[in-house]
Each structure stands twice: as C-alpha cells, then as structure tokens.
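Visitor: I would like a close look at one part of this protein. Please take me through its pockets.

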Amino acid sequence: MKIFIDSANTGEIIRCLGTGLVDGVTTNPSLLRKVGKDPIEVYKSLEQLGVEDVSMEVVGNLQQMEKQANKLISMFGDICTVKLPMNQDGLKLCKYLASNGVRTNVTLIFNAAQALLAAKAGATYVSPFVGRIDDQGYSGLEVVRSIADLYKTTGFSTQVLAASIRTPHRAVRSYYNGADVVTMPSPVFWQMFEHVLTESGLRQFEVDYETFN
Ligand code: G3P
C-alpha cells in the first residue's frame with residue numbers, strides 16, 4: 001500500500017515527506033502550471049529531496065512524447081516514471097518503455113476497458129480519476145474496484161493508482177476497493193491525520209498530564 005502526493009509544489013511536498021509516510025509524487029501539466037515553474041526544475045528539486053518515484057508527464061504525438069521521455073529518463077533515471085496519456089500513441093510508447101524496463105503511469109483512465117489495454121501494454125501503474133468519474137455521476141470507487149478485480153482475474157501485475165482524490169474518504173475507500181497506490185493533494189493527506197475526538201481527547205490528556213507537575 002503506497003501513498004503518493006499529487007502536487008508540483010515543492011514546499012508542500014517537503015512537509016509531506018517530513019512525515020516519513022510518503023512513497024512518491026505525481027505531477028501533471030496543470031499542477032506544474034499552477035506553481036509556475038519549469039517542470040525540469042521541479043523534478044530536480046524532487047530528486048534532491050530523495051523522492052524515489054516521480055510521475056513526469058509527456059504530451060503530444062508519439063515522436064514528441066518519445067523525445068520528452070528519453071530526455072526525462074536520461075536526466076532522472078530510476079526516479080522517473082513516465083506518465084503517458086490513455087490513447088493509441090500513449091500505449092505504443094508504454095509498450096516500448098516497459099520492454100526497456102522503464103516505469104510507466106497511464107493517466108486519464110475512466111473505465112476498466114482502458115485499464116485492460118494499458119495493462120496489456122505493460123503499464124506499471126494505471127491512474128483512474130476517481131473524482132472526475134464521480135463528477136460524471138458514476139462511482140469512481142466502483143471503477144477502481146472493477147479494475148483491481150480485473151487485474152486479479154487476468155493476472156496482470158499493473159498497479160492501480162487512484163487519482164483525482166479530493167477527500168480522505170475517497171482515499172481510504174480506494175484502498176478498500178483494491179488500489180495499490182493513492183495519490184492525493186497535500187490537504188487530503190493532512191486531513192487523514194485528523195479527527196475532532198483526537199483533538200479534544202488530546203487536549204484533555206494534556207490538561208490531566210499537567211496535574212502531575
Ligand atoms: O491526479 C490527477 C489530479 O491531479 C486531477 O485532479 O481534482 O483536477 O480531477 P482533479
């Protein structure tokens with residue numbers, strides 16, 4: 001069971017890494033745009049911070065993506081997971097990279113059919129977008145479960161990486177439904193530590209503890 005942080009904000013990521021509970025980071029062009037930094041600079045910072053698994057997204061046609069992927073692999077080696085789109089070019093490149101031992105994450109997965117093809121192409125991870133499936137009036141968690149069940153039945157070793165996670169409930173239920181990894185924005189990660197009864201109980205213990213001094 002792995003926890004990834006879905007962010008390109010290195011300040012946020014440093015705080016999360018400080019807990020010792022984070023296994024990796026996923027980025028995408030929208031998250032990178034939000035921080036307004038050059039992607040390569042962000043990846044360099046994550047490398048320096050010791051993050052061992054960073055999803056770095058490539059875009060465009062097959063040739064363009066292959067060029068970007070080669071650059072990322074040569075710059076970042078083992079920490080680089082090439083994040084590819086769920087389309088024909090993405091899966092072609094996925095198959096090629098997988099056969100060369102490169103980790104891949106096929107993103108923008110919305111159903112089990114897509115997840116099946118991505119696994120067939122040798123994807124290390126597939127990313128079903130739980131929140132965006134919910135936005136369409138379907139259950140993102142059910143899609144996670146159908147993919148996890150499908151992989152169990154068919155014997156694929158591709159890991160289910162639940163993405164587009166907006167609440168601790170969706171994060172936890174993703175694991176229940178068979179996700180191997182959940183990538184979550186840092187606010188969701190911090191919310192997972194909290195409960196109102198933990199807070200009030202702790203306050204009371206502190207008050208009672210003081211009576212011994
Ligand atoms: O991991 C994908 C994520 O960054 C998208 O999240 O909330 O925009 O659907 P959201």
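Which helix gives the most to the lining of the largest pocket?

Guide: Helix 2 does, with four residues. Keep in mind that this is a predicted model. Helix 2 spans residues 29-35. Strand 5 (104-109) and helix 10 (186-191) also supply at least two residues each to this lining.

Now look at the pocket itself. The largest pocket holds about 430 Å³ of space. Its lining counts 26 residues. Nearest the centre lie Asp6, Asn28, Leu31, Lys34 and Pro185. The lining is mixed in character: 11 of its residues are polar, nine are nonpolar and six are charged.

Helix 2 also takes part in the second largest pocket, where it supplies at least two residues of the lining. Helix 3 (39-48) and helix 4 (62-76) each do so as well. About 190 Å³ of space lies in this second pocket. Among the residues that line it are Pro29, Leu32, Pro39, Ile40 and Tyr43. Glu57, Val58, Val59, Gln68, Lys71 and Leu72 belong to the lining too. By type, that lining has eight nonpolar residues, two charged and one polar.

How does a program find such spaces? Rolling a probe the size of a water molecule over the atoms reveals where empty space remains.

Finally, turn to the surface. Val172, Tyr176 and Met192 make a nonpolar patch of about 300 Å² there. Val172 sits in helix 9, which covers residues 168-176. Its relative accessibility is 35%, so Val172 counts as partly exposed.

Conventions:
Residues numbered from 1 in each chain as written. Predicted model: local features only at pLDDT ≥ 70, side-chain atom pairs only at ≥ 80, totals over all residues. Heavy atoms only, no water. Patch = residues over 30% accessible without salt bridge, like charges linked within 9 Å, V, L, I, M, F, W, Y side chains within 5 Å. Areas by Shrake-Rupley, 256 points an atom, 1.4 Å probe, with all protein chains shown as cover. Salt bridge = Lys/Arg side-chain N within 4 Å of Asp/Glu carboxyl O. Buried < 20%, exposed > 50% of the residue type's maximum accessible area, 1.4 Å probe, protein only. 1 Å grid on protein atoms, 1.4 Å probe; cavity = no way out; pocket = protein on both sides within 12 Å on 5 of 7 lines; lining within 4 Å. Points joined across faces, edges and corners; volume = space filled by probe spheres on them. Nonpolar A, V, L, I, M, F, W, Y, C, P; charged D, E, K, R; others polar.
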